[in-house]
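Let's take a walk through this one together. Have the model open in your viewer and follow along.

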Amino acid sequence: MPRIPRLLLEDRPSVYHVMSRTALDGYPFDDACKEMLLTFIRQFSAIYFCEILGFAIMGNHFHLLVRMTPSNAVTDSDILMRFHQRYGQDALCPPVQLEKLRSKWTSLSELMRELKQSFSRYYNKRYGRRGTLWGERFKSVLVENGRTLINCLAYIDLNPVRAGLVRRPEDYRWCSLGHHVQSGNRDDLLSLDFGLVEWDIESTRERLRLYRQFLYETGALTSSQGKPLSSEIVATARQQNYEYTLAQRFLWRTRWFSEAGILGSKSFVSSIAQHLGLPGAEKRSPKRISGLDTYSLKRLSELTP
């Protein structure tokens, strides 16, 4: 039976909910695997002309909400910038290559092929295995902007709660809301519109608050798909008007206190890094930890696990 063609809109920016599941039994993706898959998402989203709106990496599958840019909206200079970013400033890109890259780097299928193949090579090398890792070709669903997009993003962020892994989405490091609050959206991986830009809500903080309100109220509903958010957690968030308190921001950023290497004021981090002779310390500016009046050099293996 022939494969059903994918539903793709290639003449306009289009959002897709992408899902892919492993062929292996059980839950083979441990924390290191989840972090590596997130690293690959980060790497390829910087090359492909796309915008990552949300994700959830689970023990045996992952979800990705991604907006693809159509090829007719990509200029030659856009392609050359990313080509040199990937292959180096001295690399030559002949004109015929520009058209191939324009087609490739605006393709959802190519993005997913590179992402899944790169992770498969990592996983097979790590565990000394051969053969397929993924059980099927990825699934994709076209998603309308606006309320449908918000519902889809909430569904993705609620995956770890429904699975009983955490009580709050923010507690799970490998979903989009957890990434926002725990890492301060490290490397600007994720879009900050939360599907709310069309309502002319310009403040990122307000969009986050409204999205969290929608997520919690939706997550509190009983579902056949898994566990709901507890009524106690939702009630507390309502009392806080769905704003994050300083204490919550502190707790969700505790990873920085164990993995950042150097923490403190901007001048302290910079001066100590130079004093220790850390690579790139003279050129790299310390990174402010969102939600805390604290800086990190964000060097030292770039906070990888």
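Which residues in α2 meet which residues in α3? On the α2 side they are D76, I79, L80 and F83, and across from them in α3 sit L98, L101 and R102. Before going further, keep in mind that what you're looking at is a predicted model. Sorted by class, the contact of α2 with α3 has five nonpolar residues and two charged ones, with no polar residues.

Now for the geometry of those two helices. Two packed helices are described by the angle between their axes and the distance between the axes. Here α2 spans residues 76–87 and α3 spans residues 95–104, and the two pack at about 85° with their axes 10 Å apart. An angle from 65 to 115 degrees counts as roughly perpendicular, so that is the label α2 gets relative to α3.

Let's zoom out for a moment. The protein has 12 helices and seven strands. Of its 305 residues, 48% are buried. If you take the contacts with a separation of 6 or more, residues 24 or more positions apart account for 69% of them.

Some of those links across the sequence can be seen in the aromatic side chains. How many aromatic pairs turn up in a search of the whole structure? There are 12. A pair of aromatic rings is described by the distance of the centres and the angle of the planes. Take F29 and Y123: their ring centres are 6.0 Å apart and the planes stand at 70°, which is over the 60 degrees needed for edge-to-face, so that's what this pair is. F29 lies in the loop between β1 (14–21) and α1 (31–45), while Y123 is in helix α4 (residues 108–127), so the pair ties together parts that are 94 residues apart in sequence. Buried or exposed, these two? Both F29 and Y123 are buried.

Next, swing over to F62 and W134. Their ring centres lie 5.6 Å apart with the planes at 80°, so this pair is edge-to-face too. It also links distant parts of the chain, with F62 in strand β3 (residues 61–68) and W134 in the loop between α4 and β4 (139–143), 72 residues apart. Both F62 and W134 are buried. Put these four rings together with F119, Y122 and Y127, and you have one aromatic cluster.

Rings can have charged company as well. R82 lies over the face of F49, at 4.1 Å from the ring centre. Elsewhere, the charged end of R212 sits over the ring of Y216, 4.7 Å from its centre.

A few individual residues are worth a stop. Y172 is found in the loop between α6 (159–162) and α7. With a relative accessible area of 5%, Y172 falls under the 20% cut-off, so it counts as buried. What does Y172 touch, leaving out residues up to four places away in sequence? The list is K34, I57, M58, P160, L165, V166, G178 and Q182. For Q182, the C-alpha to C-alpha distance from Y172 is 8.8 Å, with their positions 10 residues apart in sequence.

Carry on along the chain to the loop between α7 (176–183) and α8 (204–219), where D187 lies. Most residues other than glycine have a negative phi, and most peptide bonds are trans. D187 has a positive phi of about 60° although it is not a glycine. D188 is found in the loop between α7 and α8 as well, and its phi is also positive, at about 55°, again without being a glycine. As for accessibility, D187 is partly exposed at a relative accessible area of 39%, whereas D188 is exposed at 61%.

Two loop residues round off the tour. A220 has its place in the loop between α8 and α9 and is partly exposed, with a relative accessible area of 28%. Setting aside neighbours within four places in sequence, A220 is in contact with P228, L229 and V234. N241 is found in the loop between α9 (231–239) and α10 (246–252), and N241 is partly exposed as well, at 43% relative accessible area. N241 and Q213 are 28 residues apart in sequence, and their C-alpha atoms are 8.1 Å apart in space.

How values were computed
Residues numbered from 1 in each chain as written. Heavy atoms only, no water. Axes fitted to C-alpha atoms, helices over the stretch in contact; angles between N-to-C directions. Helix = DSSP H or I, 4+ residues; strand = E, 2+ residues; numbered from the N terminus. Parallel < 35°, antiparallel > 145°, perpendicular 65-115°, else oblique. Contact = heavy atoms within 4.5 Å. Nonpolar A, V, L, I, M, F, W, Y, C, P; charged D, E, K, R; others polar. Phe/Tyr/Trp six-rings, centres within 6.5 Å; stacked < 30°, edge-to-face > 60°. Buried < 20%, exposed > 50% of the residue type's maximum accessible area, 1.4 Å probe, protein only. Lys NZ or Arg CZ within 6 Å of the ring centre and 35° of its normal.
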